[in-house]
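Colleague: Please take a close look at a single buried charged residue in this model and describe its surroundings. I would like one connected account.

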Amino acid sequence: MKKSVDFSGKPFHFIGIGGIGMSALAYVLQCRNLPVSGSDLRPNHITKRLESIGSRIFNRQEASNLQTFVSGTQPFGLLSQNELSALEREKLPQVIYSSAINTSNLEYQEALLLGCPIFHRSDILAALISEYHSIAVAGTHGKTTTSSMIGYMLLEAGLDPTIIVGGEVNAWSGNARIGSSQYLVAEADESDGSLVKHTPTVGIITNIELDHPDHYETLEEVVNIFQTFAQGCKTLIGSIDCATVRDRLQPGISYSLDNETNADYSVTNIDYHAHGTTAVVWERGKALGELKLRLLGKHNLSNALAAVAVGRLLGLEFDAIAQGLATFEGAKRRFELKGEVNGIKFIDDYAHHPSEISVTLAAARQQAKPGQRVVAIFQPHRYSRTLTFLAEFATSFTHADEVVLTDIYSAGEPNLGQISGEQLALEVAKHNQQVTYQPTLTQVCDYLQQTLRPGDLALFLGAGNLNQVIPEVITTLRQPATATT
């Protein structure tokens, strides 16, 4: 019989606590006054935030980390669970791991040896979702922005939600906040199939595509996961602009950017402009009013419609919904302005799938002034994704005036020699001749310092570590101006 997550006071220990999904859960549990510890090989601002509220952080992943939970000094690596007293076993933590943690990990192996209750990250999220009037946002693209929008809207409307998202938001200074109400807003991830564990009060599906070929072989496998998730939702909200959502899931509440689709929520009088988006929102044939967003692009208007549908389902007046969404600034790494120097704007975006790149560049083109270049700097993420979607990647940069490509960020995948960043550059060049291949981040940095022009919009795309070069490029470009003053 599978063990249940215990929120009554038994400690939690996270292997890889600094990850964006793991740290959000750890934060919520710590704010609920539950004992939280965790390990991570690379301390960062997220682990420091957890430390500041009482979590214990180990800057190594070793079997000895688990020694702190019971008395005695003998290394547990020499013991088995049968050699621990009943009292010592009670002190052992619930050990949490994510799909990024290999089962050969020393801490994971020690947890098995000691007989610790072991849970996947998704088990903790599922347990939290079942405790609240929960709103879980799923979909291939737009999960972080949509869940952040909904959380922010409820916060601004005074509903004080608990929020767990896959990105950092300035409004709550991180990727999670603890609220005092019955509402929980969470991002639900399909990448490893764990989406099926969640049974929220309200489920949202933004769209469905194949995005993780390391886990799924076909789109049909992805659809099956979403169908199981949909069956577990008391109410399902979905975008029928995605044919797969429309035809295979048939959501109970629908939304669409096309007013002719007869969706429950739709828009007219759409105006995409350099400073955001405006549109008139309709609810089942009745105009609710005008929605003004600071976010760019049709994908973000679609995300906002999902938030409107949730707000109305929860009984909010449209004015309260519109007021909240009007001041939402987005999550970090979602078209985030990182700085401006010599008239060059530096934008960081998490887009790493061809569809995401295409809509993000389209939004950048909307913001760009006449004659302003959009320079796309892209770091491919995972060999499996780059190989599977090679043809789609090749055509996703049409809105860019220049494309700079790096080598592939492996994300832990082995290089089987089937695909490289240079091969991708050759394919992109068939559709956009202004392409250059700079394999390393150092070469990218040097190239941009030499070629960026005043007025350029430099858009850094990818889910890897490409954005680490942005501060260096900004600093170097600023130096000549500083030297003359």
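Modeller: E168 is buried (under 20% relative accessible area, 1.4 Å probe, protein chains only), yet has no salt bridge. A salt bridge here is a side-chain nitrogen of Lys or Arg within 4 Å of a carboxyl oxygen of Asp or Glu. The nearest side chain of opposite charge belongs to K332, 4.9 Å away; Lys and Arg count as positive, Asp and Glu as negative, and His and the chain ends are not counted.

This is a predicted model, in which local features need pLDDT of at least 70 and side-chain atom pairs count only at pLDDT 80 or more, while totals for chains, interfaces and linings use all residues. Residues are numbered from 1 along each chain as its sequence is written, and side-chain values use heavy atoms, with hydrogens and water left out.

The side chain of E168 does make a polar contact with the side chain of H45, at 2.8 Å. A polar contact is a pair of N or O atoms within 3.5 Å; within protein, one must be able to donate a hydrogen and the other to accept it, and residues adjacent in sequence count only if both atoms are side-chain atoms. Setting aside residues up to four places away in sequence, E168 touches I20, H45, I46, G174, N175, A331 and K332, where contact means heavy atoms within 4.5 Å.

E168 lies in strand β7, residues 162-169. Strands (E, at least two residues) and helices (H or I, at least four) are DSSP runs, numbered from the N terminus. Over residues 137-310 the chain is 27% helix and 32% strand.

Notes: Buried < 20%, exposed > 50% of the residue type's maximum accessible area, 1.4 Å probe, protein only.
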